[in-house]
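User: Please take a close look at one part of this model, the strand pairing in one of its sheets, and then set that part in the context of the whole. Please give the cut-offs behind each term.

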Amino acid sequence: MMGSAYAQDTTVPVVAPPPVVVPFARPHAAAPRVASAAEAWGGERTGQEATLSDRVVAYRIDAELDAARHSIKGSEQLTWRNRSDQPIDRVYLHLYLNAFQNEGSTFFTERSVLTAHGHSRGAATLKKNEWGWIDLKRVQQGNAALKWTFVHPDDGPATDQTVARIDLAEPVPAGGTLTLDIDFLSQLPRVVERTGWWGDFNLVAQWFPKIGVLELPGERGATQVRWNVHEFHFNSEFYADFGSYDVRLTVPTGYTVGAVGEAQGAAIEGNGTSTYHFRQDDVHDFAWIAAKGYKTLDGSWQGPGSPRVAVRVIYPPEYAASAPPVLKATLDSLSYFSSTLGAYPYRTVTAVVPPFNADEAGGMEYPTFFTAEGYSKIDPATYDQWDIDFVTIHEFGHGYFYGLLASNEFEEPMLDEGMNEYWDQRMLRARDQRILAPGSWLRRAGITPSMEVFSYERRWAGLDRALDPLGENSWDRYSSSSYGTVYSRTATAMHDLEERLGKDVMERAFREYYRRWHFRHPSVADLRAVLIEVSGDARNVNDIFDHYVYGTARIDDRVEAIDNQEVLPQAGSWVKQGERSELVADDRDAQVEKQRDAWKQAHPHAKSGSAGPFLWRGTVTVVRDGAPVPQTLRVIFADGSNEDVRWDDDRRWARFVFTRPTRIVSAELDRERKILLDANKLNDSRTVKSDTSASRRWTADVAAALQAFYAFVVTL
């Protein structure tokens, strides 16, 4: 058969699949229970890659501060890579400053409820011209102007405008990149929480349109591609992709400027303004400060595996006394965190001391940049020194747990706030730095209460009435106070796990956690998997996670009773050597008296509490109100001897019987105070009669409680 003169084209044109609507992460998402896939977030970073992180996004921003209005006019070029295997036809931007534009935001709506049931920071009342917001002026993809609408991924109030959906003119193909050109105007609020102005001080944070995170299956419990882009909740913080920031900041000449990253040369002066250029790769946020009349104090640090780090403290003149201790604590933190977790990879750290009346700008963290606390005078022998050290260490530590490990602070605040608190207290413990009472009136009275750092933590951990699991998200909380226990209860739980596994094992596990997950986004389940793998002790790791991370268990083991009985001859009918005999009570009593008299004659100088003619049977009863925990019970006898027994089972109560030459005088659970999750440590011990050691213990606990209360009052 002859063929056709024209060949038929049978090629099927390739048609890209239409975009599908990508769902949001669940409105009430919390810590996942399933570990992430090994290849999540591009897999482990070995250090051999071209970049430290798998950079997903890049921001080029030009911003100009209007110091009189505390507003920032900005233009931004955002470049984002679609990591998924499907086209994306819409993206979502965080507009965090809109949390402060009115009382209809999710932030203010939740604040009114949560602060009604507990104390919290961020409770300031805004007056006229003190609100803050961010207005999108233009969003453009190529030559196409794009439209946006406000959405509510967490089913928040319709009046919230902290998340905007941008409908694209052209979908971003799988593996492709998107470039958006954005103009915006950011109005800073008077300082409420984390950002804002006071006088000539401007802390510029959460200030630019920021793209949400597209999570893939196998990442943080995701089973399908999803957008993780939560509203700005009252208790929530942040979550974003790693990337690069190239930012130019124009401010009035004479203002001191500090920011995330490295300054690129000197400021360019002209027309009464100064333009600063900062760059930083492999971070996931950018914040800065512009303040008139502020001073700087500089230092440097070098450690194994790290570049030389330039450290700067920026401070107001009234808090000049705070600058040297903040600098020292920062340098010490670089050494401790680098040696115990992993090398610090950046070239800068900037610490900012906020001014008087702007306390809520203190204690906040961004990559390579944080805010500390300010004091006009510091007595090294008081609480002031501890507070400066602790806040500085804590905020620097966020550079690891929030910055480098980049967990999702919306959904898993314990991975940042809680784990950071735990590691901070480990550092203070390593320095043997106890917490001293604030103020001087106690010292004038001759009393200087102090407390070991983890003992202090447990007092704020809500151990007696835990209403929310540690692994709950940041906003589904009974109260702000309940959210606050994420710090102390996590630190306490990790302390107790460390006591079970061993300090060295715990440190090895956290070094591996950092090695495996830095520059990625681990979940609680990923941390648990590493702890089990390194320790080889699934039982104890799962016990802590099941009871306290995913649950709200309570521990309260107590010594309920001590009973002593002499082992005397027993009345009744007995068979001895095949013959039955009877011992009546009267004869028994006479026999006992005869043996007592004979023993006294043989031991005329016997001291009280020494052995006698008969043995003693002592019984200690212990009771468990709450979850089981491995315990050691120490029993002390009148002759000064002691015996330790283990109580490591699920019984709600137990009795331990001892037959010894002398009676029991006291019994104590957890003598070494390793179990700080126990809600009531005062009932861990019992004595047969009062003695001075018990009195001293009560005195110490009362003094410690007084100190803790006083510290709490000072923070209000």
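Analyst: **Strand pairing in one sheet**

In this predicted model, Arg634 stands opposite Glu668 in strand E34. In strand E32, the residue opposite Arg634 is Asp644. Residues are numbered from 1 along each chain as its sequence is written, and side-chain values use heavy atoms, with hydrogens and water left out. Because the model is predicted, local features need pLDDT of at least 70 and side-chain atom pairs count only at pLDDT 80 or more, while totals for chains, interfaces and linings use all residues.

Arg634 belongs to strand E31 (residues 631–637), along which the side chains alternate. Gln631, Leu633, Val635 and Phe637 point to one face and are buried, whereas Thr632, Arg634 and Ile636 point to the other face and are not buried. Here buried means under 20% relative accessible area, exposed means over 50%, and partly exposed lies in between (1.4 Å probe, protein chains only). Strands (E, at least two residues) and helices (H or I, at least four) are DSSP runs numbered from the N terminus.

E31 has E32 (residues 642–647) as an antiparallel partner, joined to it by six bridges. Two strands count as paired if DSSP finds at least two bridges between them. Within this pairing, Ile636 is placed opposite Asn642. E31 and E32 make a hairpin with four residues between the strands, and Gly640 in the turn has a positive phi of about 90 degrees. E31 also pairs with E34 (residues 664–669), in the antiparallel sense, over five bridges.

These pairings belong to an open, antiparallel sheet of four strands in the order E32-E31-E34-E35. Its edge strands are E32 and E35 (685–687), each of which pairs on one side only. From one strand to the next, the twist averages 15 degrees. Axes are lines fitted to C-alpha atoms, for helices over the stretch in contact, and angles run from 0 to 180 degrees between N-to-C directions.

A second open sheet has five strands in the order E20-E21-E22-E24-E23, with mixed pairing. Strands E20 (295–301) and E23 (364–366) are at its edges, each with a single partner strand, so one side of each has no neighbour in the sheet. Neighbouring strands here are turned by 15 degrees against each other on average, direction ignored. At one edge, E23 pairs with E24 (residues 369–371) in the antiparallel sense over three bridges, and Met364 stands opposite Thr371 in E24. Helix H2 (residues 323–340) lies across E20, E21 (309–315), E22 (348–352) and E24, and runs at about 25 degrees to E20.

Helix packing can be examined where helix H7 (residues 480–501) meets helix H8 (residues 503–517): the axes come within 6 Å and cross at roughly 115 degrees. H7 contributes Met494, Leu497, Glu498, Glu499 and Leu501 to the contact, and H8 contributes Lys503, Val505, Met506 and Phe510; contact means heavy atoms within 4.5 Å. Six of these residues are nonpolar, none polar and three charged. In this grouping, Ala, Val, Leu, Ile, Met, Phe, Trp, Tyr, Cys and Pro are nonpolar, Asp, Glu, Lys and Arg are charged, and the others, Gly among them, are polar.

Two individual residues add side-chain detail. Arg226 lies in strand E13 (residues 226–228) and counts as buried because its relative accessibility is 14%. The side chain of Arg226 makes a polar contact of 2.6 Å with the side chain of Glu215. A polar contact is a pair of N or O atoms within 3.5 Å; within protein, one must be able to donate a hydrogen and the other to accept it, and residues adjacent in sequence count only if both atoms are side-chain atoms. Asp54 is in the segment before strand E1 (57–66) and is partly exposed, at 24% relative accessible area. The side chains of Asp54 and Arg81 are joined by a polar contact of 2.8 Å. Leaving aside residues up to four places away in sequence, Asp54 touches Trp41, Arg45, Arg81, Arg83 and Phe242.

As a whole, the protein has twelve helices and 35 strands, and 53% of its 716 residues are buried. The C-alpha trace spans about 125 × 95 × 50 Å along its principal axes. Of the contacts with a separation of 6 or more, 73% join residues 24 or more positions apart.
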